[in-house]
Structure formats: structure tokens, C-alpha cells
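Hi everyone, and thanks for making time for this. I'd like to walk you through a structure that may be new to you, so please have a look at it first.

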Amino acid sequence: MTTLVRTDTLTRDALAVLQPGFVGTTAPDWLLRRIGEGLSAVGLFGRNILSSEQLAALTVQLRAERDDVLVAIDEEGGDVTRLEVRTGSSFPGNYALGTVDDTDLTRAVARELGRRLAQCGVDLNWAPSADINSNPDNPVIGVRSFGADTALTARHTVAYIEGLQAAGVAACTKHFPGHGDTNVDSHHALPRIDVGLDTLHSRELVPFRAAIAAGSKAVMSAHILLPALDPNRPATLSPQILTGLLREELGYQGLIVTDGMEMQAISAMYGIERGSVLAIAAGADAICVGGGLADEETVLRLRDALVAAVRDGELSEERLADAAARVRALADWTRRARGAGGGPGAASEVGVSPAKPGGATAPGTDVGLHAARRAVRVTAAEPFVPLTGAPYVAALTPVANIAVGDETPWGVAAELAAVLPGTTTDTYAAATDVSPLVAQVLAAAGDRRIVAVARDVHRHPWMADALDALIAARPDTVVVEMGVDRAEPRGALYIATHGAARVCGRAAAEVITGKGAGA
């Protein structure tokens, strides 16, 4: 028997489940046209943002086509920022917040971040990361996690969701069912987690259960293979994981969003069209694509693949309609949360839980800087005398993972230069033999004090070797670790910032110079 499909409704539903990106700081004509035809969401990246004012104008332009379009962004704060991609974030990331372990502070940071997003007209944030950083060599999570402790991660995930959604911005908790115990970046290949069901339930799933109980409006799937749950398909494409576990066992009824479908963990094995069909069939409601593929052709290819799958009987029309309905339901929530006030993101806090009162910050305090200062941990070999002369900053720079990107500045050089004019800096990359690197640093520094800045020294033996050689030659070297601080403290002064956001760099500079730390 031939199934009759209502083409107009089907096409609109296929467009409704897509969350594509685009190129440019204004919306291209093709995007506005597809919004008019039923596209219900747009994803923003650093390439789309020049300033808060420009972003607000962009979201107004998008909503001129349809007021209920979801405007999504990957704004974790900390190392992963799109709102401040050119300067570095005004907010420390999850690892810094977990280090402080003050849920009132985490809630306040997320609420202020949400307020800024809402003011710009952004109403869906692909954050927070609820991954437990159980594998310290994980190349993609690291400081994006609140930490390696299950209970700590769960309570801060809840606080972040409460703060963000109190500002009228929907949270999207990720990466379900947990990306922390991987040693492969899913942007490049398919990670595999070989742990048993007992471990998954007692560790990885705990923060997601808490997020569901806290009312997270969306959950993002991970492109990871967990044989204990599904030996054949990654979580994003697995009915056992998205429908059986997330929907039925955990009782989650909100929006399920995929991680970027152009990531190699999916696209290399399935292709984005086939992967998108399988994801919706498995229980996902929205297809995130656009970090790398950001054109009309991609949108049309995915739309047509979904329509063809329904017509061929591979994807039920009811499943696609259900997914589209969940997208529209979230769009309705965000539209009500925006309220009728002036400005593109005037949040009225309709249907959201208010942030809990607490003494995390005093009125008028810069909550991001306050949090970054509290996250700093300092180890000194002996009483440290703050620097008064301009130092030389050697930045030992690993290859940035794609989620973080390499366009966002990090380090302490700019913040030191603001206090100590004449500060200079150079970047140093991985080297098999660090002797030439160390010689270059010593030559460039001359008689100036050396400040060596690094990320995740424990994952990069060349960094550890370079630091040890520098300290042997110059015992007064200051070391700033801006990643996960698992290596032994070293140097005359060792500062762990627990993240590389701009405010983390400022907090470190205040310690080095003795200026501003008590502000």
C-alpha cells in the first residue's frame, strides 16, 4: 500500500528540525527565505558576531521573518565563547566554577551570561557541559567540565541551568550520555567508551538525571560509541540511547539536539544526510549543522533527505512531526520568556525557576571577574615579590580543539601589558627537542623576568620538558597553567587559573603584579 504524504506539511517539518549556521554578520537572503518556509532555528558562531549591538540587530533581522525562530549559540563561557570570540570571555568556564564549588556563584555567572545573551536576542544556548572529566587525557572536554567528581558536576550543572533559564535563555545540557571518559575528539573520529552499565549509571548519567530534574529545556547528544548501551551505533544515532534511555528510562520530554552532524564521528561513516535521518529516527528532534557547513545547499540536502526518508518508509511521518512539534514548543517557551518588553531579548522569566538568592557576589560586582579571582590557586616556592618591571611572556601553545577554536586570544600577556607597559610575548609550538625552544625564550627574554604560560601540561610532555629546562636556567620563572592543573606545580610562582578566559588571564596578572586582586 502506498503511503500518502502531505508534501507541504512534510517539507515544513523537515525544515523545522534543522539548526543550520550561515556565513556573515547579517542574515543572507537564502536564510530569511527558508525561515519563511518553515526553518525554525538558526545557529550562531563566532564568524557571525562583531559586537553585542551587531548581534542584536542580526536577531531582529531574523525575527522580522518570523517571531518564533530559535536563535541558538554555543556560548559556554570560559574557553568556548562566540559572544566574545575576538577578545576572550568575560566569564570563567566550568572548570573554574567547579574549582570554587559555590553553586550560588555558578548560578549567578550563568544568569549574567544568560542576561547578556537575551539582551542580544539569543534564546537557546548549547550549554552547559555536564560531562564528568573522568579521563584526564581527554582532548576535547577538559576545562569545559566542572570537574572529575560526579556529585560536584551534577550540582553545578543544575545551578548553571537554573541561572541561564532564569534569564529566559533555554539551556541545552551536553553531551549525553557523557563525553568525559574519551581519549578521542569526536570532531576528528568516533570515540569509544568501554565501561559497564553500572559505571555509566553511577557516574556519567548522574549529572544528566539532575539536569532533567532541574528542567533543562534541551539536551545535546554525543557522537560517541558506548557498547554497553549500543554496540553498533553512536549515541546520536541510537534508538536505545535517545529513546530507550533518555526518553523512556530517564523520562526526559524536552528537546533533543544533536551535536554538529558534520563532525567526523558521524559524517565520515554515515554522511550528514544519512546521519540526520538516522538521528531523527533514533529520537533526536533537532539537527545541529553549520559549524563547518554553512550554506543553503546543506540545508536543502538535509531537508530533502528527511522528506525522501519519510516517502520511502525509512522514517515515519509521525516521528518527524513529533520532532518538529518539540522544536516549536521550545520556540514558544522562548518567545514567552522574551516577553513584550523593549529590545530583542527582554526576558520576562515566564515559566522559569528564579535563581536562588545567595551571597556569591555583592551588588554591582563584575561576577565573571569575581569568579575568576576565586578560582585562582597559587603555589610559591618562597614569599613572592610582585613584578614591577615588564616581563617576557612565553606562551607554550598546544593545538586548539575545534570546539575552542584558535581564533580566541588567551594567556596573560595583554593583561600584564595593561599594568606593566613594555611586556612582550611570543608563541611556541610543540617540539620534539625543546632545547632550541628554550634557547629562543632565554634569548628573547634577556634580563627580563620570564612568565611561561601553558595549557594542560600533563597532556603535553614537551611542555613539561620546556618548563623544567626554563626553570633550571631561570629559577625565578613564573608559570601560569590555564588548563587542567594535574601536573606538579613548578617555578618561583605557580598559578593555576583553571581556564583560559580573558578574566582568568586578568586574575593571574593581578597575582603576578600585586595590583587589583583585592578589588
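**A first tour of the chain**

Let me start in the middle of things: Pro128 sits in the loop between β4 (124-125) and α6 (150-166). Before I say what caught my eye there, please keep in mind that this is a predicted model.

What is unusual about the peptide bond from Ala127 to Pro128? That bond is cis, with omega near 15°. There is a second one to look at, because most peptide bonds are trans. A cis peptide bond also joins Lys174 and His175, and here omega is about -5°. This time we are in a strand, since His175 lies in β5, residues 170-176.

Now let's step back and look at the whole chain. How many helices and strands does it have? The secondary structure comes to 17 helices and 14 strands. The radius of gyration is 23 Å, close to the 24 Å that the globule rule gives for 519 residues, so the chain is as compact as a globular protein of that length. If you measure along the principal axes, the C-alpha trace spans about 85 × 50 × 40 Å.

What about inside and outside? Buried residues make up 60% of the 519 residues. The accessible surface comes to about 18600 Å², and carbon and sulfur atoms account for 52% of that. Sequence separation is worth a word too: among contacts with a separation of 6 or more, 77% are between residues 24 or more positions apart. As for charge, the chain has 46 positive and 61 negative charges, and their mean positions are 4 Å apart.

Next, the sheet I'd like you to find on the screen. In what order do its strands run? It is an open sheet of 6 strands, in the order β2-β3-β4-β5-β6-β7, with parallel pairing. At the edges are β2 (41-44) and β7 (255-257), each of which pairs on one side only. Let's zoom in on one of those edges. Strand β6, residues 218-221, pairs with β7 in the parallel sense over 3 bridges. If you want a spot to click on, Val219 stands opposite Ile256 in β7. And you have met another member of this sheet already: β5 is the strand that holds His175.

Back to the backbone for a moment. Most residues other than glycine have a negative phi. Two residues here are worth a look with that in mind. Asp101 is not a glycine, yet has a positive phi of about 60°. You'll find Asp101 in the loop between α4 (94-100) and α5 (103-119). The other one is His498, whose phi is near 65°, in the loop between β14 (493-496) and α17 (502-513).

Are these two buried or exposed? Asp101 is partly exposed, with a relative accessible area of 34%. His498, at 2% relative accessibility, counts as buried.

One last stop, in helix α5, where we find Glu112. Would you guess buried or exposed for Glu112? At 18% relative accessibility, Glu112 counts as buried, because the cut-off is under 20%. And what does Glu112 touch? Leaving aside neighbours within four places in sequence, Glu112 is in contact with Phe91 and Val367.

That's my tour. Thank you for listening, and I'm happy to take questions.

How values were computed:
Residues numbered from 1 in each chain as written. Predicted model: local features only at pLDDT ≥ 70, side-chain atom pairs only at ≥ 80, totals over all residues. Heavy atoms only, no water. Helix = DSSP H or I, 4+ residues; strand = E, 2+ residues; numbered from the N terminus. Rg over C-alpha atoms; globule rule 2.2 N^0.38 Å. Buried < 20%, exposed > 50% of the residue type's maximum accessible area, 1.4 Å probe, protein only. Contact = heavy atoms within 4.5 Å. Areas by Shrake-Rupley, 256 points an atom, 1.4 Å probe, with all protein chains shown as cover. Lys, Arg positive; Asp, Glu negative; His and termini not counted. Charge placed at Lys NZ, Arg CZ, Asp CG, Glu CD. Pairing = 2+ DSSP bridges.
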